[in-house]
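Student: I have a structure to get through and would like some help. Can we go over it together?

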Number of protein chains: 2
Amino acid sequence: MTGDLLIRSVRPWPNSLDVPTVDVLCSNGLVASIGTALAAPPGVPVVDGGNGVLLPSFTDAHAHLDSTRLGLPFRPHTAGPSLHELIENDRRNWRTAEQTVAQRATHTLGRTIAAGTTQVRSHAQVDVDSGLEKLEGVLAAREAHADRASVEVVAFPQCGILREKGTADLLEAALRAGADLVGGLDPAGYDRDPVRHLDVVFGLAEKHQRGVDIHLHDAGSLGAFQVELICERVAALDMRGKVTISHAFALSTVDADRQRELIELLAEHDVAVTTVAPGTRDPLPLRELRWAGVRLGLGQDGMRDYWSPYGNADMLDRTWQLAYRNGFRQDALIEMCVDIATRGGASVIGHPHGLTEGSPANLLVVPGDTVTAAVMDRAPRTLVVHKGRAVAAHGNLTP
Amino acid sequence: MTGDLLIRSVRPWPNSLDVPTVDVLCSNGLVASIGTALAAPPGVPVVDGGNGVLLPSFTDAHAHLDSTRLGLPFRPHTAGPSLHELIENDRRNWRTAEQTVAQRATHTLGRTIAAGTTQVRSHAQVDVDSGLEKLEGVLAAREAHADRASVEVVAFPQCGILREKGTADLLEAALRAGADLVGGLDPAGYDRDPVRHLDVVFGLAEKHQRGVDIHLHDAGSLGAFQVELICERVAALDMRGKVTISHAFALSTVDADRQRELIELLAEHDVAVTTVAPGTRDPLPLRELRWAGVRLGLGQDGMRDYWSPYGNADMLDRTWQLAYRNGFRQDALIEMCVDIATRGGASVIGHPHGLTEGSPANLLVVPGDTVTAAVMDRAPRTLVVHKGRAVAAHGNLTP
């Protein structure tokens, strides 16, 4: 459902304190015109941007809506540090949550939208314990917010594909049930057989003509080897533009020459990369990736779940994290982080948008003297627009 | 000025969701009793804690109140990356701020208090360009908030001591003008002569019987060497308990054996350490420092100034940063960060406080299911108490 809307008094990025405010007219879900003192066509709702900064809406390019406990009573963290311990801890606990996956995912997706995100790629765990239950919960959340955000869902083998019999079949069932992409997880480091793991992932992608998004925490030369394996399959199956590597710690844990090779490989195969701005891992080479033309997005990862207490559904907060973790002080670099969190992520999921006339009217207004100041202030969002409709204002979803 | 106060309905740390709420009676600035349904003595004001988490108030153990631009129009960052470029950039710009140092420091100290901090150690730059102007501004801010917070001021040679003639004399003048401690800055890496630099710092400290707080960004073996030089002077002058090393990047940039040696040296000489949870430097070995008994505090560093756009006067936000940068997920570790930010910093500045009867009633109430949840939520503070008086509520200073 698309809409018409006139937004009064905003300062579109790039901006500064002394730029005059403008109005933005949205028609049929697109940005129709940007100018001063625009007239409201008859019947078109008018909202006040309060002289805020106008940005493209955020894209959360890497969420785990199925696991969230945001809004529920806080539970102390009970897992050990290894991936296996985290997986087992989640299995022990997720069924006893006070709400269903659908309720929890719907709540957190709503908060995500209210904080300015209208494009989301969420992973949904598919494994022999939970079957398709978590996927169905995320699909229900997508449906509940269908008019407020565009949501892609990845069938994500959180427990590996090869370690538990039946997982590959479940992944295929997930694609038939509504998942948009096939996921993967550390084909070597966790599943212990990179070639067979990737053969299953890309086999399903080819058979069902879907994209791929692979969690690759494996670092150093082992991670770099798997980046090569992935690119080989992208070339063989002609899947340029349809594959994403999430986390991609390999890129920040090899030497500069090898890093350059990997970045060129990603660019050549148009493989996208997403990061969640982790607190302890070395940051990805953001500038080098962008200079090479690699599509690069930002995501929130899990949000207060059985894996970690962090995450609050706020992509502006996550953008701050990305800038802080990179030690960026210059406005141009902090604005690059905003670009990664908005247009960058949109390019990863294949729904580009922006602030130009004719673009999808997926927009965000936030208080702030400048874009950088808005990142530092992280004030509640004045307005969130999806396909020309106001979907949230002053931090709350519109009814 | 101390006060009496009855705080109703709070959950003192340690706590959990099912702990019954208690009341806290403060008398003559101290915690007099903690219990259920306490009676309010005649004339004692009563405030509602709203079932929030009760913590000791924060101690900002490393602030730069003199440089802040919080609350003023945002200015893009104009400095190059080196320390020298940052110093020169500040010199070019600070005099043209829209407000005086005193006004800016007073505003930011007020926001710091409203966010739950009632003990502060602030550095004030002393150099041949600004003379004692910045110090006087910070002293004025301290005076303006004298009833709301305890503030220590360090005479800080931000531009080195040896590089510009007259700085040592200015440092001495600063001590006579009201500074509490003598500062220092990278005796080797910036001032190029560690022995002479430290001789000036400790010479002034001995002559005026003041404490010392030295910025030591120098990393690796050069930083470790200076930790030794500092400890030698602490032993020679019998200054155990009176010296702090800020940043102390040496500790996270040497091998494990050398790190252990340095930590033992700090413990033996009772030299405190402060960190600001930087975004790119490796975190300090927090647990090892605490196990060894080294006093360890957290600070905010500069806040939106000519050095950096980061910093928002909120020590709860900074506590979140400390936990996030260390990758802590377990509640006990996140609560250790809270302890560093509250009691830890108080032990650095020598004003211990806590939640036990007889402690100074420097307290903080914040919404949250648990202490860890409060760190993740970072909600506005319900109540801030200093010496038994309510000094802020719901994010605003009380009149």
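Tutor: We will take the two chains, one helix and one buried residue in turn.

Tutor: This is a predicted model, in which local features need pLDDT of at least 70, side-chain atom pairs count only at pLDDT 80 or more, and totals for chains, interfaces and linings use all residues. Residues are numbered from 1 along each chain as its sequence is written, chains are lettered from A and ligands numbered from 1 in the order in which they are written, and side-chain values use heavy atoms, with hydrogens and water left out.

Student: How is chain B laid on chain A?

Tutor: By a turn of 180 degrees and a shift of 0.0 Å along the axis, with an RMSD of 0.0 Å. That is the relation of a two-fold axis. The same surface serves both copies, since 100% of the contact residues of chain B recur in chain A. Copies are superposed by least squares on the C-alpha atoms of residues with pLDDT of at least 70 in both, and contact means heavy atoms within 4.5 Å.

Student: New topic. How long should helix H7 of chain A be?

Tutor: Its 13 residues, 256-268, should span 18 Å at 1.5 Å a residue, and the end C-alpha atoms are 18 Å apart, which agrees. The expected span is 1.5 Å times one less than the number of residues. Helices (H or I, at least four residues) and strands (E, at least two) are DSSP runs, numbered from the N terminus.

Student: Which residues of H7(A) are buried?

Tutor: A:Gln259, A:Leu262, A:Ile263 and A:Leu266. Seen down the helix axis, the buried residues of H7(A) fall within an arc of 100 degrees, so they line one face. The arc is that of the directions from the helix axis to the C-beta atoms. Buried means under 20% relative accessible area, exposed over 50%, and partly exposed in between (1.4 Å probe, protein chains only).

Student: What is on the face turned away from that?

Tutor: The exposed residues A:Asp257, A:Glu264 and A:Glu268.

Student: And what covers the buried residues of H7(A)?

Tutor: Among others, helix H6 (220-236), strand S10 (243-246), strand S11 (271-275) and helix H8 (286-291) of chain A.

Student: Switching again: is A:Arg91 buried or exposed?

Tutor: A:Arg91 counts as buried because its relative accessibility is 19%. A:Arg91 lies in helix H1 (residues 83-93) of chain A.

Student: What is A:Arg91 in contact with?

Tutor: Leaving aside neighbours within four places in sequence, A:Arg91 is in contact with A:Asp127, A:Val128, A:Asp129, A:Cys159 and A:Glu164.
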